[in-house]
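Visitor: I would like to learn how to read the interior of a protein model, starting with its empty space and then moving to its rings and helices. Could you take me through one case?

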Amino acid sequence: MECFEGLFSRSYAKGDESRATLGHQTTVLHTHALLSWALLLTICPASEVRNILRKHLPRLPTLLESEDVNMRIAAGETIALLFELARDLDAEFEHEGLEPLCEKLTALATDCHKHRAKNDKRKQRSVFRDVLRGVEEGDFQTETIRFGTERMEIDSWVRKRMYDAFREFVGSGMNYHLQANEFIRDVFALGPPVMVDSATLKAMKISRFERHLYNAAAFKARTKARSKVRDKRVDVGEF
């Protein structure tokens, strides 16, 4: 985590409120470092979370003033994540800088600066409305993800950070991985992959490519199961 901290913390405002002039590629690097750091936060022990709160919560809001919309959004979501973790540790958690922080978040949730692109403003407003609710009220807008015959709820900032990280990594194949990838299913506590018969698969409104991936996963699962049965038969025979 220290490696990631060493990167994104260079975007923090200095003691005199000034900030270094950074190129676009450097800002992109710092944004990804912040998101990677936030992902590791989701599995941090309580003692480490307390240290991080003391060290970073007072400084993270300075990233909300970045000229880059993706950095502002990453900072906002990370702040909401930290508040969620803090309240998990202490339901009565209070942050000294809550009022000025909420003022910044409100401004971003209602941003109407003309020099910013419409798409950036629309994306930012949507995210920061959720961030503001998370910081002020400890609330999270639950999202339901449907894949195949199953569904999964994203009901916390921790779960959202994990889901977004996997989705960014696997891209359009996320639904397939939620159905068939044992590691990802284990992370989200989905249990073993659910096998679906061909008739049900045809009735599902999924693309031909997704159907192909699912059939491949089902074939792999059947082969794995048969191998285990054969191994047991060999063991019994040898015994």
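Guide: What follows goes through the cavity, the aromatic pairs and two helices of this structure, which is a predicted model.

Visitor: How should I begin with empty space, and how many cavities of 30 Å³ or more does a search of the whole structure find?

Guide: Rolling a probe the size of a water molecule over the atoms shows where empty space is left. In this model, the search of the whole structure finds one cavity of 30 Å³ or more, and the volume of this largest cavity is about 60 Å³.

Visitor: Which residues line the largest cavity, and which helix gives the most to the lining?

Guide: The lining is made up of Leu35, Ala38, Glu77, Thr78, Leu81, Trp157, Lys160, Arg161 and Asp164. Three helices, α2 (24-41), α4 (69-89) and α7 (157-170), each supply at least two of the lining residues, and α7 gives the most, with four residues. By character, the lining divides into four nonpolar residues, one polar residue and four charged residues.

Visitor: Turning to the rings, how many aromatic pairs does the structure hold, and why is the pair of Phe8 and Tyr12 given the class it has?

Guide: To read a ring pair, one takes the distance between the centres and the angle between the planes, and planes over 60 degrees apart count as edge-to-face. The structure holds six aromatic pairs. For Phe8 and Tyr12 the ring centres are 5.9 Å apart and the planes stand at 85°, so this pair is edge-to-face. Both partners are buried, Phe8 with a relative accessible area of 0% and Tyr12 with 3%. Ring pairs also link Phe8 and Tyr12 with Trp37 into a cluster.

Visitor: Which parts of the structure does the pair of Phe140 and Trp157 tie together?

Guide: Phe140 and Trp157 form an edge-to-face pair, at 5.1 Å centre to centre and with 85° between the planes. Because Phe140 lies in the loop between α6 (118-137) and β1 (143-147) while Trp157 lies in helix α7, the pair ties together parts that are 17 residues apart in sequence. Phe140 counts as buried at 15% relative accessibility, as does Trp157 at 5%, and Trp157 is also one of the residues that line the largest cavity.

Visitor: What should I look at in helix α7 itself, beginning with its span from first C-alpha to last?

Guide: One sets the span beside the value expected for the number of residues, and α7, with 14 residues, reaches 20 Å from its first C-alpha to its last, close to the 20 Å expected at 1.5 Å a residue. Its buried residues are Trp157, Val158, Arg159, Arg161, Met162, Tyr163, Asp164, Ala165 and Phe166. After the helix comes Gly171, whose phi is positive, near 65°.

Visitor: Is α4 largely enclosed or left open by the rest of the structure, and what is found at its start?

Guide: Of the 21 residues of α4, 17 are buried, so this helix is largely enclosed by the rest of the structure. From first C-alpha to last α4 reaches 30 Å, close to the 30 Å expected at 1.5 Å a residue. At its start, a side-chain oxygen of Asp68 reaches to within 3.0 Å of the backbone nitrogen of Asn70.

Visitor: How far apart are Val158 and Thr78, in sequence and in space?

Guide: They are 80 residues apart in sequence and 9.6 Å apart in space, C-alpha to C-alpha. Val158 is placed in helix α7 and counts as buried at 16% relative accessibility, while Thr78 is among the residues lining the largest cavity.

Conventions. Residues numbered from 1 in each chain as written. Predicted model: local features only at pLDDT ≥ 70, side-chain atom pairs only at ≥ 80, totals over all residues. Heavy atoms only, no water. 1 Å grid on protein atoms, 1.4 Å probe; cavity = no way out; pocket = protein on both sides within 12 Å on 5 of 7 lines; lining within 4 Å. Points joined across faces, edges and corners; volume = space filled by probe spheres on them. Nonpolar A, V, L, I, M, F, W, Y, C, P; charged D, E, K, R; others polar. Phe/Tyr/Trp six-rings, centres within 6.5 Å; stacked < 30°, edge-to-face > 60°. Buried < 20%, exposed > 50% of the residue type's maximum accessible area, 1.4 Å probe, protein only. Expected span 1.5 Å × (residues − 1). Polar contact = N/O pair within 3.5 Å; in protein donor to acceptor, adjacent residues only side chain to side chain.
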